[in-house]
Amino acid sequence: MQKLSADFYIREEVDLIAKELLGKLLVVKSGNQIYTARIVETEAYAGVIDAASHAYKNKRTQRTETMYMKGGTAYVYFCYGMHYLFNVVTNQQDIPHAVLIRAVEPLFEVPQQFKKSKRLPGSGPALVTKLLGFDKSHDGISLLKNDLYIADDGYAPVSIAVSPRIGVDYAGNAAKWLYRFFIEGHPYLSPHVYNKNAVKII
DNA sequence: GCGCCGATTTGCT
DNA sequence: GCAAATCGGCGCG
C-alpha cells in the first residue's frame, strides 16, 4: 500500500487525475481508529476556465482560497446550508484545480447509525463526508501527511465510465463536459439516474 | 420509480 | 433576494 505523493497531485490534467483516483484508498486516522474507503466516483473541476468551478475566472473568496493551495491539499466546503463536500486540490499553487470525491465504498465496519438510510453509506458526495466525519476543520489539511491521505493498494477498476457532472446545469457549455468518472456497475455509486448520459471508456 | 419540497451557508456565477 | 458541486421524506401510482 503506497501513499500517493505530491507528484501524483501536482499535474496539469485534472480530468486524468480524477480518473486515476478511481479505485484508490482514502485513509482517515481519527484517534486510535483508522478508516479506509475505496474511491468509486469522482468529478474534475478545472479552475479558472471552468464555469462550474468555484474558482471560475480566478475568483477568490474566503471559501475558495483553499483551492489555490498546492496539489495534495483537502478542500472541504459547506454546501446547500447542510452538507460538507470533500475535494482533492491538484496542480501547483495558485492554479485552483480540484477533484470532488462523489462516492466511496467503506472497507471498515460501518456504525449502525449510517445504515438507516435507503442509500448505502458513502454513496454520494455529502454521504462521504458524513460517513468519515469531515467538516470545516478538515479544510486545508495536507494529504501528504499521516492523518488523512490517499493510497494505492494495486487495485485497478475493471471498467470505467464518464458522464456530465451532476448539479451544474447553470454552467453553460461546461455543464456538458464529461468530467464525472465512476467505476461502472459499482454498488456504492450515487443514484443511478445520474448515469443516463454516461459513456463507457474502459 | 419519479418528482417536489425543505433544510439554511455562501456568494452573487 | 436567490440559487447552489445535496439528501431524505413525502405523495403518487
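Which residues lie nearest the centre of the largest pocket? They are Tyr-77, Cys-79, Tyr-80, Leu-85 and Pro-125. Keep in mind as you look around that this is a predicted model.

## The largest pocket

Let's start with some background. Rolling a probe the size of a water molecule over the atoms shows where empty space is left. Here, the largest pocket holds about 620 Å³ of space, and 31 residues line it.

Where does that lining come from? Three strands and a helix each put in at least two residues: β4 (73-79), β5 (83-90), β6 (97-106) and α3 (125-132). The helix α3 makes the largest contribution, with five residues. Sort the lining by class and you get 20 nonpolar residues, eight polar ones and three charged ones.

## The second largest pocket

Now for the runner-up. The second largest pocket has a volume of about 180 Å³. Its lining is made of 14 residues, and Val-28, Ser-30, Tyr-35, Leu-132 and Gly-133 sit closest to its centre.

Two elements, β2 (25-30) and α3, each give at least two residues to this lining. This time β2 gives the most, namely three residues. As for class, nine of the lining residues are nonpolar, three are polar and two are charged.

## The helix to look for

If you want one element to find in the 3D view, try α3. This helix supplies at least two residues to the lining of the largest pocket, and at least two to that of the second largest pocket.

Technical notes
Residues numbered from 1 in each chain as written. Chains lettered and ligands numbered in written order. Predicted model: local features only at pLDDT ≥ 70, side-chain atom pairs only at ≥ 80, totals over all residues. Heavy atoms only, no water. 1 Å grid on protein atoms, 1.4 Å probe; cavity = no way out; pocket = protein on both sides within 12 Å on 5 of 7 lines; lining within 4 Å. Points joined across faces, edges and corners; volume = space filled by probe spheres on them. Helix = DSSP H or I, 4+ residues; strand = E, 2+ residues; numbered from the N terminus. Nonpolar A, V, L, I, M, F, W, Y, C, P; charged D, E, K, R; others polar.
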